[in-house]
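Let's take a walk through this assembly together, going from whole chains down to single residues. Keep the viewer open and turn the model as you read.

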Amino acid sequence: MVAFIIRRFIQSLFVMFVVALVSFAMFQFIGDPVNQMVGIETSLAERAALRERLGLNDPIVVQFWHFIVNAVSGDFGISYQHKRPVADMLLERLPATLELSAVSALFSLLVGIPMGVYTGLNRDGFLAKVFLTVSLIGISLPTFLIGILLIFLFSVTLANAPAISVFGLFAIDPSVLQLPSFGRGTVVDLGGWRTGLLTADGLKALIMPSITLGLFQLTLIMRLVRSEMLEVLRTDYIKFARARGLANRAINFGHALKNTLVPVITITGLQIGSIIAFAIITETVFQWPGMGQMFLQAVQNVDIPIMAAYLMLIAFFFVVINLIVDMLYYVVDPRLRVDTGKATGHG
Amino acid sequence: MAMANPLLQVRNLVVEFPTRRGTLTAVDDISFDIAEGEVLGVVGESGAGKSMTGAAVIGLLEPPGRIASGEVLLEGRRIDNLPYEKMRRIRGKEIGAIFQDPLTSLNPLYSIGRQLTETIMTHTDMTPTQARARAVELLAEVGIPAPERRVDQYPHQFSGGMRQRVVIALALCVNPRLIIADEPTTALDVSIQAQIIALLKRLCREHGTAVMLVTHDMGVIAETADRVAVMYAGRIAEIGPVREVIKNAKHPYTHGLMGSIPAIGHDADRLEQIPGSMPRLTDIPPGCAFNPRCLHAFDRCRRDRPELIAVDDGQVSCWLYDTAAGRTTAEAKAIVASRSGTAMERADG
Amino acid sequence: MADAHTSAPGLLDPLRRFLDGDVWASFKRSPVTVGAAAVTLLYFLAAAFGPWVAPHDPFDLAKLDLLDSLIPPAWMADGDPRFLLGTDDQGRDMLSAIIYGSRVSLLIGFASVLLSMVLGIALGLLSGFVGGAVDAFIMRMAEIQLSFPAILVALLINGVVIGYFKTHPEWQVDQVTLAYVVLVLSIGLSNWVQYARTVRGSTLVERGKEYVQAAHVIGIHPAKIMLRHILPNVMGPVLVIATIQLALAVIAEATLSFLGVGVPPTEPSLGTLIRVGNDYLFSGEWWITIFPGAALAILVLAVNLLGDWLRDALNPKLR
Amino acid sequence: MRKTLMAAAAVAVLAGAFAAPAAEAKTFRWAFQGDAQSLDPYSLNETFTLGLLGNVYEGLIRRDENLQIQPALAESWEIVEPTRWRFHLRKGVKFHNGNEFNADDVLFSADRVRAEGSDLKTRLAGVTEIVKVDDHTVDFVTDAPNPILNAEWATWYIMDKEWSEANDATAPTDVTAGKENYATRNTNGTGPFMVASRETDVKTVLKPYDGWWDAANKKHNLTEVVMTPISSDSTRVAALLSGEIDMMYPVPVQDMKRLEGDPNTDVLAGPELRTIFLGMDQEYDELLYSNVKGKNPFKDVRVREAFYRAVDVEAIKKKIMRGLSTPSALMISPFLFSRSDEFKRPEYDPEKSKKLLAEAGYPDGFEVGMDCPNNRYVNDEKICQAVVAMLAKVGVKVDLLAQPKAQYFAKILRPKRDTSFYLLGWTPGSFDSWNVLYNIIATPADDGRGKFNVGGYSNAKVDELTAKVLSETDAKKRDQMIFDAYKQLNDDWGYIPLHQQGLAWGKRANIELAQRADNQFMLYYVKVN
C-alpha cells in the first residue's frame, strides 16, 4: 500500500514535470509579453530594456529552470496585465471555480448515477429509452450554446414575462423564478475563501452555470453506469445472488451497483479535470469570476505567468484527484488490497 | 412411473427462446420427478437443454427465455407461475442452486462472511451475530480450514476448489429441500472434482437434500446419482436408475453415450461412437430428434415423435420399444446393442 | 458467446460481424437507428456534394453582397425567396452556409478521428504487445494526456502551430489551412487515449491466445500477428469509439471556435456559424444562430444514436 | 434542532428566490466589457482604465460633457511666455485621506508620470522644467512653444505625494520587481468617488466622497456604485434586459434595436472621436503577405486608390454598423477639425477600381494578407470580412487573420510591423490634429514620430507641415497647415479612412447620464430616478 502510494507519488511528480515543460514550451510561441506589459507609446529602447530585465533574453533552459524553481515555491511571478502576483490572483479565483466545478460534478453524479441505474435495470423500458435519447442532447449541443440559451430563457424571458393569472384568483409573476445571468451573487468571505454557498442568491447564481457545466458529465456518467450495470447484471455472481433468493434491492443496489463503481470512480476522477477545463467556457458565458475566465483573458492578453500557473494548477488537481481515486479503489475493490501491482495498470 | 411422494414434479415442461430467427424450443415437453433426498442426474451434450431445465425449475430463465407450457410443482404446489417475490422467497430457502464456475459465482467485492450472512438473514430471522456464527459453522462444515479467519476474507483469496466449497455452503446455508447443481465441477481440476462431488454427496445425505445434478460427466453421474435422465435436443431420451441406464442402456443414444466404461472426467460431449452431431434447436427433425444419427432409425422414427415408454423400471422414448410393433424388450435391446442396422429393416418389414 | 474472439479471424471479420444477421436485424428493428442513419447519410451526402446541392457558394466572397445581409428566412415577412433560411451578417445564404459548414465540420471531425484512431491503435498495440517499460511509459503518457483536456490542448497546439508558421513564413499557409491544422491536431491528439486503452486491453487478451503463440512458433513477425489477428478483433470497439468520437469532435470544433481557435468566418464551419450567430440571438436575427445550432445538434444527435446502437449491436453479450 | 436549522435555511432560500430584486437606495450597477487593468493612474494609457480612474482622481484640468476644457485642480492658467505656462492651483482641495493638495503633489506627479514603468510619459512630452512658484502656483517650461500643452492633462491625474511615499508607491508598477505596487489596488485621489472595495475582473465598488471640492454643484445622486466587467456581449445585454444592471457599454450595435424596443431600457448613441481606417504597407520593398514577388503593389498610387474605391463604406454603415457610424474622408473626427467639411470622401466605384488595378498591371488582381483585431473596435472583425468580400469583387484575394487585440497589436505594431494590410483605429488624446499627423501620418523616425504609421506612408511635405503645426500658435495659420497636410495625404491615397464608429451605451429607463464623445463614463453625471 505505502509502496504503491509512493510509486504513485513519483509518477505524479513526473506528470507535473512534463506538464510544466509543456506549458512552458507553449509560451515560447505566443505573442511578446513586453507588448502586454507596456502601453503602446513605450519606446523601442524601453521595450528592449524591459525584455532584458524580464530575462526574456536568457537561454530557454535558464528561463525554464527559473520557472520550475519559482513554481515549486509557489511563485508564478507578476501578472503582466494586472501587475499583481499571479499566485494571489489564482487563489482569489480558486473558490469560484472549485465551487462551480464541485457543484456541477455533484449534480452530474447525483442525477447521472440514478438515471444510469434505472436505464440499466429496465433496459428496454420506454422511460429508459427516453432518458437515453434526451440525455444525448446534453452532448449534442456545445456548452456555450446551452449556457446562452439558458440565460435567454431564465434571465431575459422570465424577467420580462407578464404575470400569469391562475383562474383569475391570484397571479403568478414568472420573474420570481428568474435566475441571475452573470456573476456569483453575494459571497461570504470565510478567511480568504469567498463562498457563494451560504447565501440565497449565491446559490441561485450557481444553478444555471453548474447545470450548463454538468450536463455533459451527467450524460457521460449516466451512460457509463448503464452499460456497466448491463455488464454486471449478467455476471454469474448476480445470477447466483438471485438463486440465493436475495431481495432485488440488495442485488441491484448492493451487489450490482457496487461493482459498477470502480469504472465510475475512474471516469469521474478523469472528468474532474475536464470539468475544471470546461469551466473556461461556462465562466466566460456566465461571467463567473473563476480561474477559467481569468485564464481565457490571460490567453487573449498573452499574460504568460497566469497561463503557466493555471495549467500547472490544473495538472496538480489532476494528479491529486488521481491519487484520491486510487485510494477509493482500495476502499471499493478488495482485490487491489493484496497486489498493488495490478492497480496502476488499470488506473 | 409414479413416485410415492415426489418433492419436485416437472410436467410437460416446454421452454422457448424467441429469437430473431424464429422461436427455438430449448426444452421440449419433458416430465420427471425428484423424490425427497434423491439425486437425479441429468446428462446430455451441451445444448441438450439440461441447464435450461434447471434454470426453469428455479425460475431463473434468462429473458427472453420463458416457460411456454407445462408445470413445475414443489411438494405439490405450482411454482412455475408464482409472482417474482413469492418465487424469490422459495429460491435459496426451498431450492438452492450451484453454478458451474465457482470463480465467477461469488461477488468479488463482498467478503465470504457477508455473502453468507446476507443470504441467511434474507431467509431466516437470525440476528447478524447468529448469522455470522452460522456462517462460520457452515464454512467448517464444507471443510474450509480456520473458518473464523477465512470468513472475513474475499473470494479472490480462495482457491477454485475452496470457492466451490463456499458456493456449496451458500447453497445449503438455509437447508433447502432441493439443490440444482449445474455442472458444479466442470471448471475444476479433475483432482478436486472428486472431493467436491464427495462433499456435495455427503452434505446432501446428511441434510436429506434432494439434488438435480446437471452435468455432461458420466463419471460424476455414476458416482453420485440415484437416477439419471438422458437429454437429447431438449427432450428426455431415457430416464431410469443409474445402474440400469449405465449397465444396459435402452435408447440408442444412451447406448452410444455409454459406449465406453466411464471414468470420472470422461466427457460426454465427445461422442466418437455416434457419427454426426446434435441438431440445432431451430431445426429439429420431425419424429425422433435422434433419427438422423440413429443406426436403427426406421420410417416411424422419422414420422412420429416417440413418447416415454416404461421399460423395466425406467422409461425410454424410442419406437423400438413400442409394444404395438410386437417386439419384445429383449429383441429391442438386442437391436440397440447390435452395431448394424440390417436386423432392424427386417423387424420393420 | 462463441464469436470471433475465440478463433483467429480474417481481416474481413469486422465487416462480416457488422453485416452479421443479428446486427443487421437489430438495425432494422430499431426505427430510431434507421432514422439516425438516414439523417447522418443525408449530412454526409450534403457535405460530399455540397457545391452541387447548395444554392449559393458561401465561400466565394466575390459573390457575397453586404446589402443582402441579415435577410430573414424566406417564409417570413421581408424574407427573400433566394435565401430559404435567410442570410447572415455578411450576406451569406444560411442554407448554403450550413451545408458548407457541415462539410467543414465533418471534414475536421473525420480527419481528427482518423488521427486519434491511428495514433491510439498504434500506441495501444505497441503498449499491449511489447509491454514492460514501453507499456508503462505509454500509459503514463495517456494519463498526462488526460490531464490536459481538449480545450487546453487546443489552445496549446494553436499557440505552437501559429508560432511555428510565424517563424517559417516559407510555408505560405493561409489562415483557413492553418485553422484546419490546428483543429485536427488538437482534437485528434487529445482523443487517442481511449483507442489506445481499448486496443491495449484486447491486445493483452489476444496475446495469450493459442493462435498468436502458434504464429510465434511458426515464426511469423509479431507486427504481422498483431495486424492479422488482433486488429480485426478490436475493430468492433474501435468502430464504436470512433463514431462517438466523431460526434465529440464536431462539438469540440464548435466549442473551440467559440474560444477563438476556429476556422475563420470567411469559410465558416457549423461551430463558427453558431459563434458568429450568437451575437444576434437577442437582436432578433435568431436564424443566424438557431439554424446552424439545430443543424449541429441534429447531426451530433444522429451520430451519437448510431454509435449507441452500434455499441449494443456489436456487443455479443447484449444480443 | 437540526430540523429547525434546515427549515430556517429553506426559508432563507425561498425568501431569496421570491423576494423582488432589492432596490437599495440609489445604488448604481453598471458593466463594461472589461476591467481597469490597474488602479495606478500611470500604469496604462488606455481609455477605460483612465476613464474609471477619472472618477477617483483628477487632473489639473478636466473635460465637460462636450469635451471642453474646464478648470479642475488648477483654477486658472496663463502662458506667461511662449515656452512657459503658469498654473494656479485650487485651494482647499483635500485628498480622500484628508491630505491637503498643493504644488508638491503636482511636482511629485510630474516626476512619477515620467518615471520608469509609466505608460503616460508623453503627457509631459517637451516639458523641460517644472517650477514651484509657491504652494499653489506651478510653472511648466517647454523646449518649444506648444499651444496644446495641457490638452491631454485631463487624464494626467494628480497623486498625493505623502500617501505615495508612505506606501512606497513613488513609481508606477515595475512588473519585474516581483512585488505588487500599493497603488495598483489602492487609490487616494481628489475626485468625487472613492474606491470602497475591488476584486479585479469581478467587481469594483465606489462610494461618493463627501469632501469633494466641487460637491456644491454635483449632479449625481448616488450612494453606491458597483462596476462589474461582463466580457460576453450577449450576457451583458441579457443582464441589462433582466434589470440586473442599470447601465452598460458598449452595446453591440445589433442589439440596439432590442434595447430601444424594450420599455425598460434605452440606448444612448453618439459619435465617437475614434477614426477607423485601413492601412497599406508602403515601406517594405516586397509585401510580407502576398503572391506578388519582387515588388510592393502598394507603392503604386493607383493600387492604393483602387483599394480605396473598392470599399463601400455606406454598405458597412448600413449593414454592419446599423447606421451607427459616420463615414469619414479624414483621418480625424470632424468634431476635432473645423475645416473637415471641406473634404469629401471619394465615392465607391468598383469599376474604376478594376480599371486602376489593370493599369497598375494587376488585371486579375493579386493576393494579400490582412490583419484585423476581433475584440478592439466595434464589429472590427465583421468590417474586415466585409472589406475582404468587397475587394474580392475587384479581383483582390485577401487572406484575413483576425486576432484578439493583444496578439494583433503585438504583430502589426512597430518594431515587428509584421503586416501588409491592416485595420486600425485612432483617437487623438489631445483632441487635436497634430497628434494624428505626428503619430499616424508622418514618416516614421527613431524619436517616436510616426510610431503608429504602420504602413510607413511617407511624404516630406507632410512631415514638414507636421513639424510646423506643433509650434504654430496662430489658430488660423495652423488650421491651414493641417488642411494642407490632410489634402496631401488624400491625394496620395496614403490611408483608407472608413468611419468614426458610434458610441452606444445602454441604460435602464430610470437612469440619467451624460455621454461624452471620448467614451469616458463620468459617474458624476449619473442620476438614478
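Among contacts in chain D between residues at least 6 apart in sequence, what percentage join residues at least 24 apart? The figure is 68%. Before going further, please bear in mind that this is a predicted model.

Let's stay with chain D for a moment. Its secondary structure comprises 14 helices and 19 strands. The radius of gyration is 25 Å, close to the 24 Å that the globule rule gives for 529 residues, so chain D is as compact as a globular protein of that length. Along the principal axes, the C-alpha atoms of chain D fill a box of roughly 85 × 65 × 45 Å. Of the 529 residues, 52% count as buried.

A good place to look inside chain D is strand β17, residues 495-508. Here 14 of the 14 residues are buried, so β17(D) is largely enclosed by the rest of the structure. You can follow several of its pairings in the viewer. Strand β12 of chain D (residues 265-280) runs antiparallel to β17(D), and 12 bridges join the two. One position to find is D:L268, whose bridge partner in β17(D) is D:W505. Strand β11 of chain D (residues 247-249) also pairs with β17(D) in the antiparallel sense, over two bridges, and D:M247 stands opposite D:K507. Strand β13(D) is joined to β17(D) by three bridges, again antiparallel; there, D:S325 stands opposite D:Q501. As a reminder, strands of a sheet pair through backbone hydrogen bonds, either parallel or antiparallel.

Strand β17(D) also leads us to a helix. In α8 of chain D (residues 313-320), the residues D:V313, D:I316, D:K319 and D:I320 are buried. They cover an arc of only 145° around the axis, which puts them on the same side of α8(D). The spacing fits a familiar rule: an α-helix has 3.6 residues a turn, so residues three or four places apart point the same way. What lies over these buried residues? The cover includes β13 (325-327), α10 (380-393) and β17 (495-508) of chain D. Just after α8(D), look for D:R322, which takes a positive phi of about 50°.

Next, find D:C372, which sits in strand β14 of chain D (residues 367-373). Is D:C372 buried or exposed? With 27 other C-beta atoms within 10 Å, where 20 or more are needed, D:C372 is buried. Leaving aside neighbours within four places in sequence, its contacts are D:D380, D:E381, D:C384, D:L400, D:L401, D:A402 and D:L423. Take D:L401 as an example: 29 residues separate it from D:C372 in sequence, while their C-alpha atoms are 6.1 Å apart in space.

Now let's turn to chain B. It has 14 helices and 12 strands. For 349 residues, a compact globule would have a radius of gyration near 20 Å, and the 21 Å of chain B agrees with this. Its C-alpha atoms fill a box of roughly 75 × 40 × 40 Å along the principal axes, and 50% of its residues count as buried. The domain assignment divides chain B into domain 1 (8-229) and domain 2 (252-348), with 31 Å between their centres, taken over C-alpha atoms.

Chain B also holds an open sheet of eight strands with mixed pairing, in the order β6-β7-β8-β3-β9-β10-β12-β11. Its edge strands are β6 (95-98) and β11 (309-311), each pairing on one side only. Neighbouring strands are turned by 20° against each other on average, direction ignored. Helix α7 of chain B (residues 160-172) packs on the sheet, touching β6 and β7 (178-182), and its direction makes about 170° with that of β6(B). Within the sheet, β9 (residues 227-232) and β10 (residues 235-241) of chain B run antiparallel, joined by six bridges; B:R227 stands opposite B:P241 in β10(B).

Finally, how do the chains meet? Of the five pairs of chains that touch, chains A and D have the most contacts. Chains B and D, by comparison, share no contact, and their closest C-alpha atoms lie 31 Å apart. In chain A, one residue to visit is A:Y329, in helix α12 (residues 304-332). A:Y329 counts as buried, with 20 C-beta neighbours inside 10 Å.

Conventions
Residues numbered from 1 in each chain as written. Chains lettered and ligands numbered in written order. Predicted model: local features only at pLDDT ≥ 70, side-chain atom pairs only at ≥ 80, totals over all residues. Helix = DSSP H or I, 4+ residues; strand = E, 2+ residues; numbered from the N terminus. Rg over C-alpha atoms; globule rule 2.2 N^0.38 Å. Buried ≥ 20, exposed ≤ 12 C-beta atoms within 10 Å, placed from the backbone. Contact = placed C-beta atoms within 7 Å. Arc of directions from axis to C-beta. Pairing = 2+ DSSP bridges. Axes fitted to C-alpha atoms, helices over the stretch in contact; angles between N-to-C directions. Domains from an automatic or database assignment.
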